[in-house]
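Here are some short exercises to work through with the structure open beside you. Try each task before you read its solution.

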Amino acid sequence: MTSPSSPGMASPSRPAYPPKPSVGDRIAVISPSSGLPGLFPLPYELGLERLRKEYGLEPVEYPTTRTMGSTPQERADDIHAAFSDPGIKAVIASIGGDDQITVLPYLDRELIRANPKPFFGMSDNTNLLAFLRTCGIVAFHGGSVMCELGRPGAMHPQTAESLRTALFTSGPYELRPAERWRDIDRDWADPASFDAEPETRPGSGWTWVNPGRVVEGRSWGGCLEIVGWLLMADREVAHDLSEYDGGVLLLETSEDMPSATEVFSTLRNMGERGLLGRFPALLMGRPKTWSLERPNSPQEAARYAADQREAVLRAMRTYAPDTTLVFDVDFGHTDPQLVIPYGGTVRVDGPARRITVTY
């Protein structure tokens, strides 16, 4: 097989956009991290129904999609089956988890590189997003079946529009600050959780730091905790850091709600490795400040968000003081969730306070 760096082929620094599905096509639904659809069928079945009725796609499940405790090899087999099947036109994760990093050694890079398809996922799926980027394939950060498609009541309008555009179209798409948002969840095991729309609150817009320039480049990053794990395991991170020069860094934190100290430490270590200074722009996702395990009061939630922001600012002042920062972009573990191409083009226009992605 021709080397990925050969003329005319995608490389990690120039990932290519795979062909998009059309209404009526089959889409693979896989669980590369955890078979949580088997434990919480309500949001999962709702998400499948919306894929069919609202997006016109036919979801196809695989052996581990609803199976808890499947092995890394079994989950890798499902990924291979989804990408190698010519009848499958896109792949979407059911949800995240916490051990997808163990699947990476079992993946057949050449098989996946030879069968590029749009992949949608986030959180622990940062592992697969980063893997696909090193295969020269643009993937999509966002859009899991259980969280976004399985939202009680209805999908958030901004999530639904962004996902639809990323799925079916190619070209520029301008992101907008959330008009209303939330990070308080309901119990998926309780059917009453799905009887009505979740409560939301007014959006607060984005906060810009060093907005005096326009940056346009390829994106990299994802869930901060997973990026840290990839760095520790030395997986799917380019050894030649010039790979990331001029790019846009995406970072967001999960429902595990890492402390400000943890956030700073991870960023500090990225800075010591020489990573932070490679990116002239950083989009920082709106942090999730509430979970079922840590039901913060509004005051506690506000303090958590403020402490995280200060941790990010402290690290960036030290290692990349001129980087353009945008805080509270809605692409992480909060609702709505805007889809961002991973390895694709992101334009951060500081003077105009606009962010445009290329789907």
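**Exercise 1.** Sort the lining of the second largest pocket into nonpolar, polar and charged residues.

*Solution.* Step one: set the classes, with Ala, Val, Leu, Ile, Met, Phe, Trp, Tyr, Cys and Pro as nonpolar, Asp, Glu, Lys and Arg as charged, and the others, Gly among them, as polar. Step two: count, which gives 8 nonpolar, 3 polar and 4 charged residues.

Before going on, note that this is a predicted model, where local features need pLDDT of at least 70, side-chain atom pairs count only at pLDDT 80 or more, and totals for chains, interfaces and linings use all residues. Residues are numbered from 1 along each chain as its sequence is written, and side-chain values use heavy atoms, leaving out hydrogens and water.

**Exercise 2.** Find which element gives the most to the lining of the second largest pocket.

*Solution.* Start with the 15 lining residues; Pro-287, Thr-289, Ala-301, Ala-305 and Asp-328 lie nearest the centre. Next, look at the elements that give two or more residues: strand E12 (281–285), helix H9 (298–319) and strand E13 (324–329). H9 gives the most, with 6 residues.

**Exercise 3.** Is Glu-236 buried or exposed, and which side chains make polar contacts with its side chain?

*Solution.* First, place Glu-236 in the loop between H7 and strand E11 (248–252). Its relative accessible area is 14%, so Glu-236 is buried (under 20%; exposed is over 50%, partly exposed in between, with a 1.4 Å probe and protein chains only). Finally, its side chain makes polar contacts with the side chains of Arg-109 at 2.9 Å and Thr-134 at 2.7 Å (N or O atoms within 3.5 Å, one able to donate a hydrogen and the other to accept it).

Terms used
On a 1 Å grid over the protein atoms alone, a cavity is a set of points where a 1.4 Å probe fits but cannot get out, and a pocket is an open set with protein on both sides within 12 Å along at least five of seven lines; lining residues have an atom within 4 Å of a point. Helices (H or I, at least four residues) and strands (E, at least two) are DSSP runs, numbered from the N terminus.
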